[in-house]
Amino acid sequence: MRDLLSRREVARRLLGVTAAWSLGGLHPAWGHLLNEPLLAHADTDLASADWKPLFLQPEQNEALQSFSEATVPGSTNALVSRFIDLLLSVETPAHQEKFLASLSAIQAEANQQFGIAFQKLSASQLSSVLTVVSASPEDSAIRESFEDLKEWIIVSYYSSEMGMKELGWTPNRFFPSFPGCTHPEEHL
Amino acid sequence: MNLPPNQSQQLYDVLIVGSGASGGWAAKRLSEAGLKVALLEAGRPQSSSNFSEHKPAFELKYRNKAPEIMRKTRPIQSKLYAISEYNYDWFCNDIDEPYTTPADKPYNWLGRMRMVGGRTNVWGRLSLRYSDWDLKAASHDGYGEDWPLSYKDLAPYYDLVERYIGVSGMAEGLEGLPDGQFQPPMPFTCQETIFRNRVKQKLGRTVTIARSANLTKPQNGRGPCHYCGPCERGCITHSYFNSSFTTVADALHSGNCTLVTNAMVYKVLMDPDGKRARGVLYIDRDTKQDREIYGRVVILCAQAQESVRILLNSETPQHPGGVANSSGVLGRYFTTHAADAGGTGEFPALGAKPTLGGPVRPVGIYIARFRNTRNQPASKSFLRGYGYEGYSNVGFNFRAPGYGEAFKKALCEPKVTLSMTGYVEVLPRWDNFVEIDRSLKDTYGIPVLKIHMSNGANEAAMLKDIGESAVEMLEAAGATNIQMHKPRTVPYWAAHEAGMARMGNDQKKSVLNQFQQAHDVKNLFVMDASSFTSNPCQNPTLTIMALCVRSCDYLTDQLKRGEIRI
């Protein structure tokens with residue numbers, strides 16, 4: 001049996017929170033990491049050979065898969081687009097609509113630059129699109145769309161087993177001590 | 001379930017309702033004193049087999065449909081940070097066990113546990129003493145009532161409880177936050193050390209490691225903390241205090257305690273003349289049948305609102321408006337802690353690196369009350385004071401710009417923050433109260449509570465000061481990117497409820513005496529936080545336990561003297 005840290009626990013550690021935990025103001029994707037029922041068996045189900053999207057259209061899923069891999073390398077192997085689809089399937093209509101608007105905006109940017117669908121861009125074309133959108137002014141609509149999608153991807157990738165291991169996770173849950181401050185001058 | 005063998009005839013010396021912090025102690029103390037005890041718990045038995053702090057998510061029962069299940073059955077309880085699919089069936093079903101509020105006063109009654117151990121299964125474990133600044137607050141500032149006992153009365157019981165439950169912490173020599181019998185403290189991080197030293201140096205305020213019921217060395221067969229993180233899902237090494245594997249286990253081991261689980265207590269049964277309690281009526285949660293159980297003494301430890309609900313539902317011709325309510329204050333002076341406002345700042349990493357592969361300290365830091373105490377200037381805008389719970393974190397920089405491998409590299413640049421949240425005493429006021437809502441019963445046929453709670457001007461002023469003082473301390477410590485957390489628009493209160501059956505020397509203004517014995521019914525005690533005369537800003541559980549043990553010793557003495565018939 002694998003000894004996995006739950007995504008909820010991952011969320012706690014990633015966000016650095018303990019008691020009186022509140023997600024107010026955070027991107028909605030983080031909230032799903034609290035949702036153990038949703039996440040139970042998610043990794044197994046997502047890897048199924050006959051997987052079909054629950055929320056996204058197939059072409060949207062393809063675009064998201066390309067965008068995810070370019071934004072956070074390794075996302076394809078971690079099945080990030082499938083996991084985001086799972087989260088969206090239980091999201092509020094407002095968040096679903098916002099996600100689709102963000103994805104459409106990025107697809108439109110790709111279409112404007114190269115005249116083809118996002119999922120058909122070459123690696124250099126992808127890089128070109130991402131360079132433009134990630135460097136756009138912070139208050140621009142396209143930058144907002146990029147950051148919105150990026151956060152969905154970050155949450156999904158770094159709560160997967162692959163992403164967790166990349167951040168140092170190991171199956172050992174027993175630690176003999178907590179390393180405190182050892183500076184004799186105590187920073188005075 | 002461990003039902004009494006011959007329920008209709010068995011007469012126990014003591015009936016105890018509730019097996020949490022106080023009920024567990026009462027059961028241990030009295031059964032070990034040789035009394036025959038029945039311990040009634042509304043929830044299920046607890047055992048290590050239910051603990052899941054290391055359990056992988058893929059072993060959980062529910063899949064994609066479960067969010068609806070959890071929210072449909074626990075729309076209130078699911079708002080508590082400590083609930084998850086791992087443990088949500090430890091909490092009450094909000095639909096089966098509702099309560100009401102006025103439309104303009106929403107109140108989240110959180111942490112309604114239905115397991116042996118009660119809230120100690122999921123509590124935050126902060127274990128802080130009260131001082132005479134708290135117990136005699138009315139004498140200091142003229143508001144409300146003093147407690148009918150002082151620190152010297154409680155101190156030996158604090159000692160006893162701390163030694164047993166195991167409280168890790170450090171002595172600070174503060175008048176307002178007395179030191180205790182501590183196990184070695186968990187260490188500060190570098191950032192906390194900076195914060196602690198500079199805040200003390202520049203502002204004279206004390207930042208200490210949270211005094212927490214987590215062991216740092218072995219005790220009574222319990223192992224020290226192994227720093228895995230989620231105590232609220234249990235602990236296979238029994239390193240945090242949970243009454244189910246400590247006090248309740250001791251009580252059962254005595255051979256004098258019978259545990260009755262799934263027993264939803266409805267009311268206290270009174271003698272025909274209304275002078276003595278003779279038992280309780282409870283509903284078996286499995287069969288939904290009424291059952292009676294009899295005792296010479298009845299002790300309510302069901303959680304503050306639950307115990308008061310039982311008393312209010314126990315009215316008789318001799319006790320209109322609820323048993324032990326000749327004063328008319330039963331249900332009144334409901335208080336809790338507003339857990340809100342605060343601040344966050346960033347600190348240098350000093351070599352620390354973020355990782356998911358390291359130990360997690362289960363406690364944070366605590367900033368002791370500094371308003372309206374002897375060595376700090378009095379506030380002009382509010383009475384009493386507040387403390388902060390805080391924590392520091394070496395986190396990943398998920399806000400790192402860019403994409404691709406460059407983003408992944410930037411992500412691992414540590415982002416070190418220190419945050420704090422204030423805990424405010426809600427002053428006991430007549431107009432914060434609970435009553436029975438006669439229009440609604442729970443699934444067991446028991447009339448429910450209607451809860452009236454709001455913050456007043458004093459709390460609002462304190463919450464404002466909490467944000468401002470948090471910024472002041474973070475600035476003093478040299479933090480950057482400081483953010484003030486303003487109070488939420490919808491009030492948020494911690495599950496630190498108290499009052500409603502308060503202690504006092506004046507029978508016309510209180511329900512219980514200083515030993516948590518009902519003024520009106522000498523063989524009836526209420527040993528949870530509903531007995532509190534006020535609700536000092538420190539977390540209440542340690543005091544709940546110390547008071548309970550003190551009252552149990554009084555009860556034992558009274559029984560020996562024949563002051564209470566047995």
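Biologist: What hand does the crossing of helices H7(A) and H9(A) have in this predicted model?
Modeller: The crossing of H7(A) and H9(A) is left-handed. That word applies when the near helix is turned anticlockwise from the far one by less than a right angle.

Biologist: Why are H7(A) and H9(A) called oblique to each other?
Modeller: Look at the angle. H7, residues 93–114 of chain A, packs against H9, residues 141–157 of chain A, at about 120°, and their axes are 9 Å apart. Roughly perpendicular covers 65 to 115 degrees and roughly antiparallel starts over 145, so an angle of about 120° falls in neither range. H7(A) and H9(A) are therefore oblique.

Biologist: Which residues make that contact, and how do they split by class?
Modeller: From H7(A), those in the contact include A:Phe99, A:Leu103 and A:Ile106, and from H9(A) they include A:Ile142, A:Phe146 and A:Trp152. By class, the contact has nine nonpolar, two polar and three charged residues.

Biologist: And H5(A) with H7(A): what do the axes do there?
Modeller: The axes of H5(A) and H7(A) come within 11 Å and cross at roughly 75°. That value sits between 65 and 115 degrees, so H5(A) is roughly perpendicular to H7(A). On the H5(A) side the contact uses A:Gln60, A:Ala63, A:Leu64 and A:Phe67, and on the H7(A) side A:Leu103, A:Ile106 and A:Gln107. The tally here is five nonpolar, two polar and no charged residues.

Biologist: How do you know that helix H6 of chain A is mostly covered?
Modeller: H6 runs over residues 80–89 of chain A, and nine of its 10 residues are buried. A residue earns that word with 20 or more other C-beta atoms within 10 Å of its own. Among the buried ones are A:Arg82, A:Phe83, A:Asp85 and A:Leu88.

Biologist: Why is A:Ile116 called exposed?
Modeller: Exposed means 12 or fewer neighbours by that count, and A:Ile116 has 12 other C-beta atoms within 10 Å, so A:Ile116 is exposed. A:Ile116 lies in the loop between H7 and helix H8 of chain A. Leaving out residues up to four places away in sequence, A:Ile116 touches A:Asn111 and A:Leu121.

Biologist: Over in chain B, are B:Asn220 and B:Met500 buried or exposed?
Modeller: B:Asn220 has 11 other C-beta atoms within 10 Å, so B:Asn220 is exposed. B:Met500 has 30, so B:Met500 is buried. B:Asn220 is in the loop between strand E5 and helix H7 of chain B, and B:Met500 is in the loop between strands E16 and E17 of chain B. Phi is near 50° for B:Asn220 and near 85° for B:Met500.

Biologist: What makes B:Arg291 partly exposed?
Modeller: B:Arg291, in strand E9 of chain B, has 19 other C-beta atoms within 10 Å. Buried needs 20 or more and exposed 12 or fewer, so a count of 19 lands in between.

Biologist: How confident is the predictor in chain A?
Modeller: The mean pLDDT of chain A is 83, and 79% of its residues reach 70 or more. Confidence is lowest in helix H1 of chain A, at a mean of 60, and highest in helix H5 of chain A, at 96. Over residues 17–24 of chain A, pLDDT stays under 50, and the model has 12 contacts beyond four places in sequence for that stretch.

Definitions and conventions:
Residues are numbered from 1 along each chain as its sequence is written. Chains are lettered from A and ligands numbered from 1 in the order in which they are written. This is a predicted model: local features need pLDDT of at least 70, side-chain atom pairs count only at pLDDT 80 or more; totals for chains, interfaces and linings use all residues. Axes are lines fitted to C-alpha atoms, for helices over the stretch in contact, and angles run from 0 to 180 degrees between N-to-C directions. Helices (H or I, at least four residues) and strands (E, at least two) are DSSP runs, numbered from the N terminus. Angles under 35 degrees count as roughly parallel, over 145 as roughly antiparallel, 65 to 115 as roughly perpendicular and the rest as oblique. Two residues are in contact if their C-beta atoms, placed from the backbone, lie within 7 Å. Ala, Val, Leu, Ile, Met, Phe, Trp, Tyr, Cys and Pro count as nonpolar, Asp, Glu, Lys and Arg as charged, and the others, Gly among them, as polar. pLDDT is the predictor's confidence in each residue, from 0 to 100.
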